[in-house]
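Here is a short tour for someone meeting this protein model for the first time. Have a look at the sequence and the fold, then read on.

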Amino acid sequence: MNRMKLKIATIATLVILGFSGASWAQQTSCLAPTPACSLSANTTVSQIQIGGPGSISSNNTVPATCDGGTPGNLISAQYRFTFDRAAGTLTVQVENTTGAPSSGALTGFGFNTTSDVTLMTLASQSAGGLTWSSAFDRVRTDGVIEIPVGSNKNDIKCDGFGRVNAFGGNKGVDTGFGGGDASEILPGNQKTFVFNVTGNLANVTACSFTSVASLIPPGDKTAIAIGRFQACNGGGSAWAGPCTGGDLLVDLVSFDAKPGRNKAEFTWETGAEIDNAGFYVLAQNARSKQYTRVNDTLIPGRGTTTSGAFYTYSDPDARNGRKIKYALEDIEFDGDNTIHYGLARTIVINPDVTPINLSSPVYEQTVSRRGGTQLRWSGAAKGQTIEISSDPEFPEAATLRVRVGSTGSRSLSKKELEISQEMSALNGEGGVYWRVRGKDGLGNALESQTFFFFVTD
């Protein structure tokens, strides 16, 4: 298909991971595979490119380079995925496609999967250099690394969205990168790895490991991939991610998100749309890093190759107190997706005006469970109750309620803070939500906005 392509005005922003590197949201415009990912096929294939045109590296060079961006030190690799559902095996062919004059060696790689994959173990690898161990961290925020059991290595948590990850390193999972041909994939070389896969295999395809064609269902996380290069032209190193895409089919002019009472409203405008089927709005919990799609049904594109369109939408699941990063994903008619992280917006869901106004602790302040924490608010009402919960919906069975009458402040006891800390471990956010409720002189219900505070020892 002959497709005209327009450049997007922004470059995808970095997503910070659990280790000291960075990750990149997958886009496939600089590598255009035709994935065979039908659920009816036992064997499916797909691929993803990292580095190369349009990519970015951990030293913030575009395209991705080592050595702090020395001209000519461009780094790139390809991962080719073949999934055999009948055997439950994933074959990954990893090729270092870095070309001269750069000599960047590939010394580590990682990729995500959808939640249908519950475990991956390394079954075999081809001969010659670079023996990599496998690692698997199903949920980045739960403190549990499935393989190796009991590991606390941050370096295998290469999952910026906190879902599923597989990782290899030439010194096991500690990713202590050494030099030499025996521990690297040099430019022009490749190596093949085979993983045993368990989970809901009926829903797993090769695209479950790459997100090519946007086959990840709503609620799952967008897949990413990374590669670790080093010794470019004798020194330096960098992490590189997928191509961010210099030739995208939707010219996104603006994207905005505004909060309200239990709602978020979005507006966006395009300058032109080529082969655009429509849009999804993505929501990321800014603390737990969990990503979901806001809309289950694609919002149809209305722009043309010469003119754009204006769109509005709202998040029906927004809840007061949540801090959410919203981004826009467009879907092409052939199934490829682009996520416009450069225009993402982070907001706190809350009404603009409330009869009771919280003042302390301020939003996202850290308090100690050892005591001395005083909650303060203004616009005090009658029969007030402080509510504290790990869930911003404050469910009846999972909310600490403290009656405070008509005052405007209350110090939490050590016991109440200990309960708050226990709650803070339940939501992957490290803190709790709180609000104040009461009544006016006529008996009408009054409610504050919802705040959030972290709880530490």
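## A five-stranded sheet

Five strands make up an open sheet in the order β3-β4-β5-β10-β7, with antiparallel pairing. Its edge strands, β3 (43–51) and β7 (117–125), each pair on one side only. From one strand to the next, the twist averages 25°. That angle is taken between axes, which are lines fitted to C-alpha atoms (for helices over the stretch in contact), and angles run from 0 to 180 degrees between N-to-C directions.

Zooming in, β3 and β4 pair in the antiparallel sense over nine bridges. Gln-49 has Gln-78 in β4 as its bridge partner. Two strands count as paired if DSSP finds at least two bridges between them. Strands themselves are DSSP runs of E with at least two residues, while helices are runs of H or I with at least four, and both are numbered from the N terminus.

This is a predicted model, so keep in mind how it is read: local features need pLDDT of at least 70, side-chain atom pairs count only at pLDDT 80 or more, and totals for chains, interfaces and linings use all residues. Residues are numbered from 1 along each chain as its sequence is written, and side-chain values use heavy atoms, with hydrogens and water left out.

## A three-stranded sheet

There is also an open sheet of three strands, ordered β13-β14-β18 and paired antiparallel. Here β13 (250–260) and β18 (310–315) are the edge strands, each pairing on one side only. Neighbouring strands of this sheet are turned by 20° against each other on average, if you ignore direction.

The antiparallel pairing of β13 and β14 runs over 10 bridges, and Lys-258 stands opposite Glu-265 in β14. Strand β14 (residues 263–273) is also home to Ala-272. Is Ala-272 buried or exposed? Ala-272 is buried, as its relative accessible area is 4%. (Buried means under 20% relative accessible area, exposed over 50%, and partly exposed in between, using a 1.4 Å probe and protein chains only.) Ala-272 and Thr-304 are 32 residues apart in sequence, yet their C-alpha atoms are 5.7 Å apart in space.

## Salt bridges

How many salt bridges does a search of the whole structure find? The search turns up 16. A salt bridge here is a side-chain nitrogen of Lys or Arg within 4 Å of a carboxyl oxygen of Asp or Glu.

One of them joins Arg-80 to Glu-95, with the closest N and O atoms 2.9 Å apart. This pair links distant parts of the chain, since Arg-80 sits in strand β4 (residues 76–84) and Glu-95 in strand β5 (residues 89–96), 15 residues apart. Arg-80 is partly exposed at 27% relative accessible area, whereas Glu-95 counts as buried at 19%. Another salt bridge runs between Arg-287 and Glu-364, whose closest N and O atoms are 2.6 Å apart. Those two are 77 residues apart in the chain, with Arg-287 in the loop between β15 (276–285) and β16 (291–293) and Glu-364 in the loop between β21 (357–360) and β22 (365–368). Arg-287 counts as buried at 13%, while Glu-364 is partly exposed at 23%.

Then there's Arg-369 with Glu-418, where the closest N and O atoms are 3.7 Å apart. Arg-369 lies in the loop between β22 and β23 (374–378) and Glu-418 in helix α1 (residues 414–424), so this salt bridge ties together parts that are 49 residues apart in sequence. Elsewhere, salt bridges that share partners join Glu-387, Glu-396, Arg-401, Arg-435, Arg-437 and Glu-447 into one network.

## Two pockets

The largest pocket holds about 240 Å³ of space. Of the 15 residues lining this pocket, Ala-283, Thr-292, Asp-315, Arg-322 and Ile-324 lie nearest its centre. The largest share of the lining, three residues, comes from β15. By class, the lining has six nonpolar, four polar and five charged residues. (Ala, Val, Leu, Ile, Met, Phe, Trp, Tyr, Cys and Pro count as nonpolar, Asp, Glu, Lys and Arg as charged, and the others, Gly among them, as polar.)

The second largest pocket has a volume of about 200 Å³. Its lining includes Glu-387, Arg-401 and Arg-437, which also belong to the salt-bridge network. A pocket is an open set of points on a 1 Å grid over the protein atoms alone, where a 1.4 Å probe fits, with protein on both sides within 12 Å along at least five of seven lines; lining residues have an atom within 4 Å of a point. Grid points are joined across faces, edges and corners, and a volume is the space filled by probe spheres set on the points.
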